[in-house]
Amino acid sequence: MKKYLFIAALCLCLGAGVAAAADDTVGLPEEKITTDAEVEDKLLLSPGSVTVIKPQEMKGEQKTLPELLKQVPGLHIIETKGRGAYTTASVRGSSSSQVSVYVDGVLMNLGSEAAVDLSTIPVENVERIEVYRGYIPARFGGASMGGVINIITVRPERAGGSVTAGLGSFGRLTGGLSYNTPLGEGALMASVNFDRTDGDFEYWNDNNTPYTPDDDYKAERQNNGYKNSNVLLKWNSERWQVEGGWKRNDRELPYSAPGADKPDSVRGATQVTGQWNTVVTRRGRMGDLDYGLRLEYLHQTKDYDDPSDTIGGWGEQHNRYETKRFGAAVDGSLPLGENHLVEFLWNYYNEELHTTGDIVKNFGGR
């Protein structure tokens, strides 16, 4: 009997201790757990293969757009003559003309030159790059057989600015200035960026004859530079976006070395491309329907100059190509149930190409 009473008393004491501990609570400091608001749910972007690149995560590395895109599996970057030269992209074996490139909803592919030169697109103010392989969402027209590279610039939000500068090999110099300020019901961003290089490098020239070392000499690549200049103005509100951009690319087109590797070598051709575009976009909702309206205009001039006729050799030394394009689009998406989505797109483009110069005089055409 005493044994059972002892166990009961012990249980009673333990119960009282637990009750006392429950009453004597200890307060802990409040902790806030935050997550990255920029984390993308790729399933919301596309049910197919999509890769998202955020250049700001590699800020300070001075990477160009082609260098960033080299990280994407299934995407092949084709560079003709190194940094700053004509560069295109191929997705899973497609041709470069089958890859559509968009910048803030504006299609960069032109009817006169279907492939897009990626080296001329700056990434200093890019928020993210979306690369679609396989299935293409309806908002991109759905006609890109290879894939889509969608470049989205940063959205101006609060007042502030930044200044950047960088140096690189072969005389490379980069610089940029960006400033944001509130304006009306939204915010305005103004940005200027510059990138240039001589592109001249030293190498040992054996005159393609390794069996005669007496005529070998130390050479330096000549006429291999480029200059990129870009200006961006962008205003955003909750529903509206108004954007204007200007860019200029000055590129030297050297002929093959040996030949163009001496200080007195004849200069090769030069190509100057100037482009400006403007786009007005409105996003809205009507119940579950998410819709967008877009108007855009693009104007591009490309001047080719080869005074010594070193590149073509056919007399097409001075030419000018002028492209004008107007576009409009309406798109929307409507969820059906929990697992289905209906998308639609209507777009219209009117593009004109005007060519003047020796290529018309010597070979005919308009």
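Buried means under 20% relative accessible area, exposed means over 50%, and partly exposed lies in between. The legends below use these terms for a predicted model.

**Figure 1. Overview of the predicted protein chain**. The secondary structure of the chain consists of 4 helices and 18 strands. Of the 366 residues, 39% are buried. The accessible surface amounts to about 21500 Å², and carbon and sulfur atoms account for 57% of that area. When contacts between residues at least 6 apart in sequence are considered, 59% of them connect residues at least 24 apart.

**Figure 2. Close-up of a nonpolar surface patch that includes Val231**. The patch is formed by Val163, Leu177, Val192, Val231, Leu233, Trp246 and Trp276. Together these residues have about 660 Å² of accessible area. Val231 belongs to strand β13, which covers residues 226-236. The relative accessible area of Val231 is 31%, so this residue is classed as partly exposed. A patch residue must have over 30% relative accessible area, and Val231, at 31%, meets that cut-off.

**Figure 3. Close-up of Thr88 in strand β3**. Strand β3 spans residues 87-91. Thr88 is counted as buried because its relative accessibility is 7%, and the cut-off for that class is under 20%. Leaving aside residues up to four places away in sequence, Thr88 is in contact with His76, Ile77, Ile78, Ser96, Ala115, Val116 and Leu118. One of these neighbours, Ser96, also makes a polar contact with Thr88, side chain to side chain, at 2.9 Å. Another listed neighbour, Leu118, lies 30 residues from Thr88 along the chain. The C-alpha atoms of Thr88 and Leu118 are 5.8 Å apart.

**Figure 4. Close-up of Phe170 in the loop between β8 and β9**. Strand β8 covers residues 160-168 and strand β9 covers 172-183. The phi angle of Phe170 is near 60°, which is a positive value in a residue other than glycine. Phe170 has a relative accessibility of 47% and therefore counts as partly exposed.

**Figure 5. Close-up of Asp309 in the loop between β16 and β17**. The flanking strands are β16, residues 289-305, and β17, residues 318-336. Asp309 is not a glycine, yet its phi is positive, at about 55°. With a relative accessible area of 23%, Asp309 is partly exposed. The buried class ends at 20%, so Asp309, at 23%, falls outside it.

Key
Residues numbered from 1 in each chain as written. Predicted model: local features only at pLDDT ≥ 70, side-chain atom pairs only at ≥ 80, totals over all residues. Heavy atoms only, no water. Patch = residues over 30% accessible without salt bridge, like charges linked within 9 Å, V, L, I, M, F, W, Y side chains within 5 Å. Areas by Shrake-Rupley, 256 points an atom, 1.4 Å probe, with all protein chains shown as cover. Salt bridge = Lys/Arg side-chain N within 4 Å of Asp/Glu carboxyl O. Helix = DSSP H or I, 4+ residues; strand = E, 2+ residues; numbered from the N terminus. Buried < 20%, exposed > 50% of the residue type's maximum accessible area, 1.4 Å probe, protein only. Contact = heavy atoms within 4.5 Å. Polar contact = N/O pair within 3.5 Å; in protein donor to acceptor, adjacent residues only side chain to side chain.
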